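Let's take a walk through a protein model together, one stop at a time. Have the sequence and the 3D view ready.

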Amino acid sequence: MQPAVELLAAIPSVIYGLLGVMILNPLMYRLEKFVFAGSETHQFTGGSNLLSAIIVLAIMILPTVINISVSAIRAVPAHLKSASLAVGATHMQTIFKVIIPAARSGIMTGVVLGIGRALGEAMAINMVAGGAVNIPLPFNSVRFLTTQIVSEMAYASGVHRQVLFTVGLVLFLFIMIINLILAQLEKKGALEND
């Protein structure tokens with residue numbers, strides 16, 4: 001599994017977007033036609049919707065989260081596992097009660113980096129999400145903040161350009177807030193373990 005995960009981490013985001021357009025969007029379109037079979041008000045998106053973007057982003061961030069989590073788990077001292085097994089804990093109890101709590105900091109770091117990558121991604125979701133300014137519902141074509149910047153920066157000037165820089169600032173603030181929340185959760189977990 002490790003070589004497959006490392007291979008996924010090396011794939012550029014444009015390739016994820018292309019695979020999403022070629023494979024995932026037709027599947028989502030079939031699902032959309034099934035779900036909204038008798039609807040007269042639904043605007044069909046051809047599979048380019050929020051759900052497709054979420055799936056592509058989830059697949060994109062998994063290698064980052066997995067690689068960092070595996071490194072954190074491998075960094076747990078072997079004597080903790082041995083001690084847990086020596087007092088009669090099963091292998092599963094040792095994993096869930098000793099190893100994962102000891103590696104929690106590294107796992108949370110992987111999650112934060114994965115979320116940061118997802119929030120900053122533009123190309124793949126620009127290809128699979130449809131790019132329409134719309135209410136963010138699962139089967140609606142949507143435009144993310146990053147794709148807003150990518151789509152309009154080439155011709156923006158004046159106030160329009162300033163608004164796009166403000167959108168970038170909002171993205172930066174989102175990432176900072178997520179980092180602060182996860183740091184607080186990590187600190188709270190460390191206090192509970194003491």
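Before the first stop, we need one term: a polar contact is a pair of N or O atoms within 3.5 Å, where, within protein, one atom must be able to donate a hydrogen and the other to accept it. Keep in mind, too, that this is a predicted model.

Now look for H160, which is found in helix 9, residues 159–193. The side chains of H160 and E152 are joined by a polar contact of 2.6 Å. If we set aside neighbours within four places in sequence, H160 is in contact with E152 and also with Y155. Is H160 buried or exposed? The answer lies in between: H160 counts as partly exposed because its relative accessibility is 28%, and that label covers values between 20% and 50%. From H160, look across to P138: these two residues are 22 places apart in sequence, and their C-alpha atoms are 29 Å apart in space.

P138 leads us to N49, since P138 is among the residues that N49 contacts. You will find N49 in the loop between helix 2 and helix 3. Loop or not, N49 counts as buried because its relative accessibility is 0%, and buried means under 20%. Leaving out neighbours within four places in sequence, the contacts of N49 are M28, E32, V128, A129, P138, F139, N140 and S141. A polar atom of the N49 side chain also lies 2.9 Å from the backbone nitrogen of S52.

Next, let's go inside. In soluble globular proteins, nonpolar side chains tend to be buried together. Here, the largest nonpolar core has 15 residues, and those touching the most other members are Y16, A53, V56, L57, M60 and A124. Helix 2, helix 3 (50–74) and helix 7 (123–128) each give this core at least two residues. Which helix supplies the largest share? Helix 3 does, with six residues. For a closer view, pick A124: beyond residues up to four places away in sequence, A124 touches S13, Y16, G17, V56 and M60.

Our last stop is back on the outside. On the surface, I15, L18, L19, V21, M22, I23 and L27 form a nonpolar patch, with about 610 Å² of accessible area together. One of these residues, L19, is found in helix 2, residues 13–35. L19 has 43% relative accessibility and therefore counts as partly exposed.

Conventions. Residues are numbered from 1 along each chain as its sequence is written. This is a predicted model: local features need pLDDT of at least 70, side-chain atom pairs count only at pLDDT 80 or more; totals for chains, interfaces and linings use all residues. Side-chain values use heavy atoms; hydrogens and water are left out. Patches are made of residues with over 30% relative accessible area and no salt bridge: like charges are joined within 9 Å, nonpolar side chains (Val, Leu, Ile, Met, Phe, Trp, Tyr) within 5 Å. Accessible areas come from the Shrake-Rupley method with a 1.4 Å probe; for residues, only the protein chains shown count as cover. A salt bridge is a side-chain nitrogen of Lys or Arg within 4 Å of a carboxyl oxygen of Asp or Glu. Helices (H or I, at least four residues) and strands (E, at least two) are DSSP runs, numbered from the N terminus. Buried means under 20% relative accessible area, exposed over 50%, partly exposed in between (1.4 Å probe, protein chains only). Contact means heavy atoms within 4.5 Å. A nonpolar core is a set of buried Ala, Val, Leu, Ile, Met, Phe, Trp, Tyr and Cys residues joined through side-chain atoms within 4.5 Å.
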